[in-house]
Amino acid sequence: MKIAVVGAGPGGLYFSSLIKQIDPDADITVWERNAPNDTFGFGVVFSDQTLSGIKASDQSVFEDMGKSFAYWGDVDVDIDGTNFAIGGNGFAAMSRKELLHVLQRRAKDHGVPVHFNTEAPPVSELMANYDLVLASDGINSAIRSEFESDFGTTIDPRKCKFMWLGTDLVFEAFEFFIRNTEYGVMQVHAYPMDEKSSTFIIEMNEDVWRNAGFDKFESESLPPGVSDMESVQRVEELFADVLGGHKLVVNNSKWVTFRTIRNKTLVKENMALLGDSAHTAHFSIGSGTKLAMEDALSLAACIQEQPSIETALKAYDEERLPVVKSTQRSAQASMEWFEEMAQYSNQEPVQFAFNLMTRSRRITYDNLLERDPAFVHEVDSWLLRNEISQGRVPQGTTPRPPMFLPFRMRGLELPNRVVVSPMDMYCSVDGVPGDFHMVHLGSRALGGAGLVMTEMVCISEQGRITQGCGGIWNTEQVNAWKKIVDFVHTTESKIGLQLGHSGRKGSTKLMWEGIDQPLDDGNWEIMSASAIPYLPNSQVPREMTRSDMDAVLADFVVSAKNADEAGFDLLEYHCAHGYLMSSFLTPVSNNRTDEYGGSLENRMRFPLEVFDAIRAVWPQAKPMSVRISASDWVPEGLSVEESVEIARVFSEHGVDIVDVSSGQTTPKARPAYGRSFQTPFADRIRNVTGVATMAVGSISSWDDVNTIIAAGRADLCALGRPHLYDPAWTLHAAAEQDYGVKWPNQYEAGSRKPPAGRNEDPKPRLELQAPEKLTNRPKRWRPGQ
């Protein structure tokens, strides 16, 4: 096997050594354009998971690395001098230069020739003459750039500027220093890397960077290897309280914009990408070096397991891409948190620290509870006191998991923070809900959710999405809904009605017959803000006239009165997902040239007219929510600033809570799906405007709900699919947390989780001694102690 490796970074060197262990006769050649001691950066951090893989695959490398490790368990969050030490985290770090020396020695021991200060031959020549070509040539990979269309490369430059530095101050833990300066908020990510030094990364939003005058130092004009000393001096001054007289150390240190690099595939013919040439992940969740060494281990294992290079590369691609995407999703969440950190300036330090710790969604409330119970109890105590002081929780409420805190809006008190999200059932007859709705909504109320929401209930026959949609425009419908409401009121739960008009998405088939597809026959005329069809084959809506608006407003008012007559506790005004009111708000469906189109103020005009009319007839003691699509997921759609402004204006008009969804306004939308993917929209609105929010979208675990509430990202959490899977989701969440909630008397015998069968049988001892742990992590890194 003949292998060419371009780039002698940690990934390329580690891969070469692993292959020589698998196949000592492998012919491997490594080219590196830099010198052996050239490395730009300082420390690298490893998780226990990665170290376990290194230990299992190359004991010698692991032991050699271990001689240089700094070990510790704490994370310190310092907000303008208020410090929190959060324990139970396992870290191991070392200098990048020492890691390269370890891997260079290992490659030499295996007889791998490494040509330093040497450009590799043209890649086409390598691919023709070698069985495998490994492109591990870094973030500015020339090979990836040459074949970017084959790899499906995208490069996303971000909003912050950062500079990689070192310091002769030896920190005791992973440090986050947050400083609210006269220029804006700045942050330092720092950690020890050996007995004499630490890594020190300064980062700030580009606006703050410009405000501080750093833009006058032209980093781009500095040649490679030359550091921006003027900026370094300014950073020393700004963080003098942190450094305490110690100095910053430079190594090609200059301002950089982080770029997220993604590839749709890591393989082209007999060539593979590895490390930073393949992907980048923001440094706030770990090390690119860690990912590179995991790549190397994966590729070497695939070569060992597969019968050919072709099948090995296919297996490598299939194995690594999901792992990389998952890591990048977490890194993206963490990176965006730091980009938007200024929005948390009003949070109390203890909540800010919890928010920071859980920013990537990989660390959660329950995870932190296991790591550092005292810190989480401190968060819980503060949260309870704060919610009582804000009037959202009644006096006398006892400590409990955040999701089980009550929540008050006007005269309504919900028993907990869990909401059954509105979900269309498409089984009403002439707008009348039937037995299915009674069982569907009633069972979720019995299941313990604080608030059960109906599907979108339509204000008129013409305003239905499908022929199976529910309505509340006549007495028969009101009476049918009242029966359901009365049953829900026999439980601890409350019930809300979502009120809307389908707009341009009306007169379509039932979901399981073809979602958003027009009816084959029986169509009714539809209308919208503008005469723009939702799909190319959709019915073209009529652009609404003022007369149409008056009629729709009147229908909303009648329906709101009917909802009150039926006894609903809360009314939600549907302004999301491309339905009628949403079609006015978003520019993707509103191209009007009158006072109802153009600027955001104009686009909000009619939705606000309707809201004001509803609020005027809806009882003052009962709250109202509004559901919005905070993003259209297309460049020409709603901006982040516009969605925040929409929420703020609705709040000024009397909305009590904003139900923050996104998308479904255009078929061109490309949402960035993932766990809790819409929560950042609710988070931003809540922390920028102070308006209460409801988070929704891929929130599936009680741990996520606890995390979102405790971090101050939302006040309520709406879950849809989890409640379809388990109608008693909330009661089961309480049982799993050993938290006592009131079960229906008829169900009390089931309030404890039943045994899971033979999987819970007692297990015999089969080991003479417990497996050896990697190391016992000290809480703090204190060399010599």
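These legends walk through close-up views of a predicted model.

**View 1. A small open sheet with three strands.**
Start with the open sheet, where the strands line up in the order β3-β7-β4 and the pairing is antiparallel. The edges are taken by β3 (43-46) and β4 (70-72), each of which pairs on one side only. Going from one strand to the next, the twist averages 25°. If you zoom in on β4, you'll find three bridges tying it to β7 (residues 91-95) in the antiparallel sense. One spot to look for is Y71, whose bridge partner in β7 is A92. There's a helix here too: α4 (residues 96-109) lies across β3 and β7, and it runs at about 80° to β7.

**View 2. A barrel made of eight strands.**
Now for a closed arrangement: eight strands form a barrel in the order β20-β21-β22-β25-β26-β27-β28-β29, and the pairing is parallel. The twist from one strand to the next averages 25°. A handy place to begin is β20 (residues 418-420), which pairs with β21 (residues 451-458) in the parallel sense over two bridges. Here V419 stands opposite L451 in β21.

**View 3. Strand β25 and its neighbours in the barrel.**
How many of the residues in β25 are buried? Six of its six are, so the strand is mostly covered. Look along the strand and you'll see L570, E572 and H574 pointing one way, with L571, Y573 and C575 pointing the other way. Residues on both sides are buried, E572 and H574 among them. Strand β22 (residues 494-500) runs parallel to β25 and is joined to it by four bridges. In that pairing, G496 stands opposite L570. Strand β26 also runs parallel to β25, and five bridges join the two. Y573 has V626 in β26 as its bridge partner. Lying across β25 (570-575) and β26 (624-629) is helix α21 (residues 600-617), which runs at about 170° to β25.

**View 4. Two helices, α22 and α23, packed together.**
Two packed helices are described by the angle between their axes and the distance between the axes. For α22 and α23 (residues 679-689), the angle is about 60° and the axes are 10 Å apart. That angle makes α22 oblique to α23. The crossing of the two helices is right-handed. To find where they meet, look for V640, S643, V644, A647 and R648 in α22, which touch R684, I685, V688 and T689 in α23.

**View 5. A salt bridge within helix α22.**
Stay on α22 and find E652 and R648, whose side chains meet in a salt bridge (2.2 Å, N to O). Why are these two separated by about one helical turn? Because they are four residues apart in helix α22 (residues 640-652). E652 counts as exposed, at 55% relative accessibility, while R648 counts as partly exposed, at 30%.

**View 6. Salt bridges between distant parts of the chain.**
Side chains of opposite charge can pair when their charged atoms come close. Take E336 and R158, which form a salt bridge with their closest N and O atoms 3.8 Å apart. This pair links distant parts of the chain, with E336 in helix α12 (residues 309-339) and R158 in strand β10 (residues 154-167), 178 residues apart. E336 has a relative accessible area of 30%, so it is partly exposed. R158 is buried, since its relative accessible area is 15%.
A second pair to look up is D241 and R179, a salt bridge whose closest N and O atoms are 2.9 Å apart. Again the pair links distant parts of the chain: D241 sits in helix α10 (residues 240-243) and R179 in strand β11 (residues 174-181), 62 residues apart. Is D241 exposed or buried? At 52% relative accessibility, D241 counts as exposed, whereas R179, at 8%, counts as buried.

**View 7. A network of salt bridges.**
The last view shows salt bridges linked up in a network, which takes in D74, D76, E172, K779, R780 and R782. For the wider picture, the count of salt bridges in this model comes to 45.

Note on methods. Residues are numbered from 1 along each chain as its sequence is written. This is a predicted model: local features need pLDDT of at least 70, side-chain atom pairs count only at pLDDT 80 or more; totals for chains, interfaces and linings use all residues. Side-chain values use heavy atoms; hydrogens and water are left out. Two strands pair if DSSP finds at least two bridges between them. Axes are lines fitted to C-alpha atoms, for helices over the stretch in contact, and angles run from 0 to 180 degrees between N-to-C directions. Contact means heavy atoms within 4.5 Å. A salt bridge is a side-chain nitrogen of Lys or Arg within 4 Å of a carboxyl oxygen of Asp or Glu. Buried means under 20% relative accessible area, exposed over 50%, partly exposed in between (1.4 Å probe, protein chains only). Angles under 35 degrees count as roughly parallel, over 145 as roughly antiparallel, 65 to 115 as roughly perpendicular and the rest as oblique. A crossing is left-handed if the near helix is turned anticlockwise from the far one by less than a right angle, and right-handed if clockwise.
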